[in-house]
Amino acid sequence: MSRIIYFVKTLPGFVFSAIMAVTLAVFLGVTLAVSLLYESVIDRQAQQTSEAIANHTFNSMFMIMSQGWSRAEMEAFVEATQSAYANSPFEIALYRGDKVTRLYGEVAQRQSDQAVDRTFAGAGMQVLEEAAHIRRLYPVEARQECLSCHANAGPGDVLGVIELQQDKQVISSELRRDYVILFLLFGVFTFFVATLISAFASRRINDSVAQFGSRLRSVNTVTDFKQLDISDVDLYFQEFNNTFSQINVLMERLKGVAVDKDILEFEIRLLSKFIITSEVVKDWRDFIKDLLVDINTIIKAHTLVTIFQVEEEGYELEVFWHHEVCETTKQQFEAVVTRQLGSNTHYHSGVPILNIIHHVACPEELEEHEKLSLSSHDIELQTKSLLLETPKIGGVVGIGVQSEMARDPIRHIVIDSILTTLLNLVGSVKAIYKYTKDLEYYATRDPLTALHNQRMFRELLGYEVGRASRHEEEFSLIMLDLDNFKNVNDRYGHAFGDQFLHAFAKVLENAVRPGDFVARYGGDEFTIILPETGEEQAHSVAQRIATLLQKLALTAPDGSNVRATTSIGIAIYPRHADDPRDLFVVADNMMYKAKRKGKNQIAIPDEHEMAEVFKAVGEKNLMVLDALEQQRIVPYFQPIIALESGDIAIHELLMRIDMGDRIVPAGEFIDIAESIGVVHKMDYLLIEKAFQQMHEQQYKGMLFVNLSPKSLIIGEFISRVRQLAMEYEIEPKRIVFELTERETVSNMALLERFVQDLKLEGFNFAIDDFGSGFSSFHYIKHFPIDVIKIEGEFIRNMLVDDKDMAFVKSIVTLAHNLGIQTVAEFVEDQAVMDAIRALGIDYGQGYFIGRPSPQLALPVGSGGSE
């Protein structure tokens with residue numbers, strides 16, 4: 001049944017079915033009408049025939065009767081008459097009336113019925129229609145000349161009845177048989193005619209549709225589709241052609257909005273490339289080469305260019321070619337880039353292009369004449385805006401593509417969007433690479449002096465202890481501090497003080513051997529590690545430093561010459577200590593001994609002084625333990641303002657020890673607390689007191705809490721802090737835990753789990769001194785960081801050092817792109833305040849804004865100091 005329905009729904013089936021249905025309906029209708037008409041004609045003819053037979057029979061009887069006939073003659077006449085119609089549809093019967101019977105007696109005859117009786121009674125001639133017969137009853141009436149024989153009758157009396165019965169069954173059966181035969185013959189004829197007509201129509205249409213289908217199958221791209229022409233397809237029937245012409249109109253409209261599937265798929269693939277991993281940044285050149293190969297799957301692109309400014313000296317270009325090009329093309333391309341740079345308002349006029357490096361994404365070993373060759377005209381003609389309209393985060397990119405895309409406006413729009421996205425993506429990768437290199441550099445270097453920083457010093461001090469121990473050698477550690485340097489800062493300003501520190505760093509570098517290690521420990525304190533050096537050689541280096549420093553004089557802003565001296569402490573491994581921490585304590589104490597001796601001195605410990613040094617360390621240990629036992633750990637709060645509004649929105653929690661006569665800052669005891677393993681207990685006590693004070697003062701702002709790496713290994717740390725927050729009705733989201741980046745975290749997996757647990761409990765996480773350690777980029781990639789506190793040295797010096805300014809800008813850009821808030825530390829004057837606000841930094845912290853205080857500050861409307 002389903003096959004029949006399917007056949008009827010096809011064009012040949014529909015045509016065949018329609019022809020058969022219409023033809024048979026017409027045939028049946030005509031047959032029915034003809035049958036009715038024919039039967040009507042037969043009936044009339046039958047009536048006329050029967051009437052004629054009846055009249056003929058009557059007349060014959062009358063003629064015989066008028067001559068006088070005997071009974072035998074009459075019976076012979078009747079028998080002869082009936083025999084004459086024995087093989088015909090007609091049957092004759094004669095009925096004698098009562099008057100004839102009384103005169104001549106009865107004879108055998110058919111029994112009359114009511115119809116015959118009515119005829120005898122004077123009903124006249126009757127024609128009776130029955131199911132299969134037609135009866136005609138014809139009265140034999142007496143005439144005048146009949147009265148001589150029928151004396152008992154009068155004129156008009158019915159002497160007898162002639163019945164003529166016609167059988168219609170014979171005629172009807174023959175008629176039906178003929179109809180059936182005719183119907184079958186006509187049906188077969190109609191079937192063949194319908195088949196031929198449907199096959200003809202189907203072939204004409206199928207040929208045209210097949211031609212159209214073959215053209216459609218040749219369409220594999222939008223370009224093929226736009227070249228498709230079906231205007232000459234003829235479906236033979238005007239209605240189909242009219243419908244097809246409308247389809248052609250629709251196709252022409254679609255050609256105007258169609259976009260290649262390859263382009264859309266490339267856009268989807270492009271999304272995955274927005275995940276900029278550390279591997280992508282590390283291998284950024286390979287990343288760009290892969291991008292160029294991907295671009296060439298949708299358009300023919302010759303080049304992709306990155307342009308970056310190198311400090312203030314000029315621009316560095318790296319050109320990525322899809323395939324090998326000849327040297328002439330490279331030179332012409334460089335000329336085009338140079339000309340475009342010179343005419344672009346975003347670039348400094350007169351700044352040279354320092355270096356142009358060429359790369360090939362798909363290198364091939366070709367002869368020079370086999371390589372791609374482009375003229376200057378081709379390069380300019382086939383180049384999409386080589387440079388972005390606005391340089392992005394430190395660099396820009398450009399791309400050269402075939403000009404054919406301009407012929408297709410829709411393709412041009414889509415590809416232009418893709419390329420613009422790619423340009424920004426490539427620019428971001430290159431910029432992140434550049435700034436990651438900066439991060440790596442500044443993770444080990446002091447940004448002001450370019451010397452190694454405190455973290456590197458500690459690591460290398462431990463390394464040198466291990467090396468010297470293995471080789472049974474000695475080495476020297478020198479600690480230096482500039483005398484009265486605070487007066488220089490206070491009198492001439494920090495900018496001049498930074499210049500002096502930078503110059504002093506150069507003195508130190510010039511005074512030591514290439515293999516010696518010079519570091520800035522912090523502020524105006526410096527350290528030097530002298531491998532394979534004894535006491536005499538170390539003392540000689542210290543004297544050389546003091547001599548060179550005497551020659552150093554800088555001109556201050558007021559025109560005066562400023563000089564400085566240094567106090568130097570020396571410790572020798574392993575004579576004075578065999579542990580890195582103890583060795584540092586000895587050198588540090590000797591430096592302070594030199595200051596106590598009148599400054600500008602060199603101090604080396606003797607055996608008696610060694611006992612005093614470690615006694616002092618023991619006293620500090622006792623101070624820490626006593627402060628913890630007597631709960632003399634007190635919270636101090638330094639305000640942090642929201643730069644947009646100027647209100648105090650945050651406080652940083654700082655630890656102090658109240659000795660009664662003085663407040664001891666954390667710098668004097670935190671190392672001791674960590675070394676004896678009680679720092680986490682001090683943290684608990686500090687946090688509890690701070691939460692209690694927040695609750696009492698009904699402080700609704702945020703609190704930054706410094707987190708020691710030692711807290712990571714304390715399993716109940718987070719749960720205890722969570723319990724304290726609940727006890728003092730403080731929402732966890734108002735607490736931000738800071739981890740100082742320069743702190744060494746040996747187990748990054750442990751830190752990652754710790755931070756995730758913090759986040760799950762609702763606390764926030766910040767990186768303090770961002771940019772000072774190795775792990776800046778690693779932290780950003782792996783941890784859900786909420787806040788970055790930018791290293792204060794960068795902030796303090798950014799107005800006088802372009803490198804520091806560039807570094808701050810890069811940190812702010814990366815943070816904003818990742819949705820991380822930023823805090824600027826060491827805000828010490830209005831100029832720095834204005835600068836960080838202009839850079840888009842979210843918060844500011846420093847002595848200009850407010851110094852640490854035992855009380856939480858109320859919100860203020862401006863960023864002035866307290």
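Start by selecting strands β3 (residues 133-141) and β4 (residues 158-167): the two pair in the antiparallel sense over nine bridges. Strands here are DSSP runs of E with at least two residues, helices are runs of H or I with at least four, and both are numbered from the N terminus; two strands pair if DSSP finds at least two bridges between them. This is a predicted model, where local features need pLDDT of at least 70, side-chain atom pairs count only at pLDDT 80 or more, and totals for chains, interfaces and linings use all residues. Residues are numbered from 1 along each chain as its sequence is written, and side-chain values use heavy atoms, with hydrogens and water left out.

Now pick Arg-136; its bridge partner in β4 is Leu-164.

Next, widen the selection to the open sheet, four antiparallel strands in the order β1-β4-β3-β2. At the edges you will find β1 (90-96) and β2 (126-129), each with a single partner strand, so one side of each has no neighbour in the sheet. From one strand to the next, the twist averages 15 degrees.

Add helix α5 (residues 114-123), which packs on the sheet and touches β1, β2, β3 and β4 (contact means heavy atoms within 4.5 Å). The direction of α5 makes about 140 degrees with that of β4 (axes are lines fitted to C-alpha atoms, for helices over the stretch in contact; angles run from 0 to 180 degrees between N-to-C directions).

Finally, jump to Tyr-843 in strand β25 (residues 843-844). Setting aside residues up to four places away in sequence, the contacts of Tyr-843 include Ile-640, Leu-643, Ile-650 and Val-823. Ser-645 lies 198 residues from Tyr-843 in sequence and 9.8 Å away in space, C-alpha to C-alpha.
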